[in-house]
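Good morning, and thank you for making time for this presentation. Please have the sequence and the coordinates open while I speak.

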Amino acid sequence: MQGSTDLTDKALVARCRSGDDDAWNELVARFSRYVYAICVQGFRFSSEDAEDVFQDVFTKVYQQLGRLRDDAAFRPWIGQLTRRTCVDHLRSSREDAAEQVEPPGVDDRLGELDEALTVREVMATLPESCQEILDRFFARDESYKTIGEALDLPPGTIASRISRCLEKLKAAMEDPDASSRPVDG
Amino acid sequence: MTNYDIESLARLIGALPPPPLGWVSAAQELPRVRAELDDLIVRAEGDAQLRARLVADLESALAESGISPTPRILAEARLRLEL
């Protein structure tokens, strides 16, 4: 049977709907960063508010998955669901419900996060070693020293490895077949 | 697909940091917790003693049943038990 991590969004959603726990775990893992980023970057929520919205979104996803008409459209659906949940959360804390609640520039920011999710999807086609080093350095903000210790690599090789992996990602963005070639060093 | 320069790719990777691990685990636990809560509510409908325990001290009764009584779960249980 195909592992949940290899599934398309469409297939993953179908498995979730049939009650597959592994598929649900993967769905949450796959979209958790996106939902989180919409909360803290798009809407600038505090950690406490972001956690509330984050859990609300996945509760709604679980409850409303059956209403999704097109499983392939899960990604825009969860994006909109998160945005609406953020707006509802803001409205619930304000007296004037008609007031403009979305922070300025939210459309641009959400557009950028959508782009970032596309990059993540392509990054997932790279070798595990590339995914890990790029994620640790750029997304988790880890130092060369921390990465070197975690991956058992000499710190002096990390910069060049990151650079090669970025080049590989760039090639994969332009030509998805390029990601199957190995990365040395 | 769109062509990206290396700097843009680096920025876009950095745009999606991971949420705290506990948040992800809690969301992944949702189906199990909801199934356990469903089961508990159904049992409480036919078991006066269980319902009395839930009404008297919902938080402890949930914990005794293996359900972590988070604020969200407590709110839902109160709603479903009409407390």
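I shall go through the contact between the chains, one buried residue, a cavity, the salt bridges and two backbone angles. Please bear in mind throughout that this is a predicted model.

Let me begin with the contact between the two chains. How many residues does each chain give to it? Chain A contributes 42 residues and chain B contributes 27 residues. Together, chain A and chain B bury about 3,300 Å² between them, and 69% of that area is on carbon and sulfur atoms. On the side of chain A, the residues that lose the most area to chain B are A:Tyr36, A:Gln55 and A:Met173. Taken together, these three account for 17% of what that side buries. There are charged pairs here too, since three salt bridges are found across the interface of chain A and chain B. As a further pair to look at, the side chains of B:Arg72 and A:Asp52 meet in a salt bridge, with 3.8 Å from N to O.

I turn now to one residue of chain B, B:Leu9. B:Leu9 is placed in helix α1 of chain B, which covers residues 6–14. Is B:Leu9 buried or exposed? Its relative accessibility is 0%, so B:Leu9 counts as buried. Which residues is B:Leu9 in contact with, once its neighbours within four places in sequence are left aside? From chain A they are A:Val119, A:Leu166, A:Leu169, A:Lys170 and A:Met173, and from chain B there is B:Tyr4. A:Met173 has already been mentioned, as one of the residues of chain A that lose the most area to chain B. For a sense of distance within chain B, the C-alpha atoms of B:Leu9 and B:Glu82 are separated by 51 Å; these two residues are 73 places apart along the chain.

Next, the empty space inside the model. Rolling a probe the size of a water molecule over the atoms shows where empty space is left. Searching the whole structure gives two cavities of 30 Å³ or more. I shall describe the second largest, which holds about 30 Å³ of space. Its lining consists of A:Thr59 together with B:Leu30, B:Arg34, B:Arg72, B:Ile73 and B:Glu76. Two elements of chain B give two or more residues to this lining, namely α3 (30–46) and α6 (71–80). The largest share, three residues, comes from α6(B). In character, the lining divides into two nonpolar residues, one polar and three charged. B:Arg72, which lines this cavity, is also the partner of A:Asp52 in the salt bridge described earlier.

That leads to the salt bridges as a whole. Side chains of opposite charge can pair when their charged atoms come close. Over all chains, the count comes to 25 salt bridges.

Consider first A:Arg17 and A:Asp71, whose closest N and O atoms are 2.7 Å apart. A:Arg17 lies in helix α1 (residues 9–17) of chain A, whereas A:Asp71 lies in the loop between α3 (47–64) and α4 (74–92), so the pair ties together parts that are 54 residues apart in sequence. A:Arg17 is partly exposed, at 37% relative accessible area, whereas A:Asp71 counts as buried, at 12%.

The next pair is A:Glu112 and A:Arg109, with closest N and O atoms 2.0 Å apart. Both residues are in helix α5 (residues 106–123) of chain A, and because they are three residues apart there, about one helical turn separates them. A:Glu112 is partly exposed at 23% relative accessibility, and A:Arg109 is partly exposed at 22%.

In chain B, B:Arg80 forms a salt bridge with B:Asp38, the closest N and O atoms being 2.7 Å apart. This pair links distant parts of the chain, B:Arg80 being in helix α6 and B:Asp38 in helix α3, 42 residues apart. B:Arg80 is partly exposed at 35%, as is B:Asp38 at 34%.

Salt bridges also link A:Arg33, A:Arg120, A:Asp135 and A:Arg140 in a network.

Finally, two backbone angles in chain A. A:Arg44 is not a glycine, yet its phi is positive, about 55°. A:Arg44 lies in the loop between α2 (21–42) and α3, and is exposed, with a relative accessible area of 56%. A:Asp141, likewise not a glycine, has a positive phi of about 60°. A:Asp141 lies in the loop between α6 (128–139) and α7 (144–151) of chain A and counts as exposed, at 68% relative accessibility.

Thank you for your attention.

Technical notes:
Residues numbered from 1 in each chain as written. Chains lettered and ligands numbered in written order. Predicted model: local features only at pLDDT ≥ 70, side-chain atom pairs only at ≥ 80, totals over all residues. Heavy atoms only, no water. 1 Å grid on protein atoms, 1.4 Å probe; cavity = no way out; pocket = protein on both sides within 12 Å on 5 of 7 lines; lining within 4 Å. Points joined across faces, edges and corners; volume = space filled by probe spheres on them. Helix = DSSP H or I, 4+ residues; strand = E, 2+ residues; numbered from the N terminus. Nonpolar A, V, L, I, M, F, W, Y, C, P; charged D, E, K, R; others polar. Salt bridge = Lys/Arg side-chain N within 4 Å of Asp/Glu carboxyl O. Buried < 20%, exposed > 50% of the residue type's maximum accessible area, 1.4 Å probe, protein only. Contact = heavy atoms within 4.5 Å. Buried area = accessible area lost by both parts, 1.4 Å probe.
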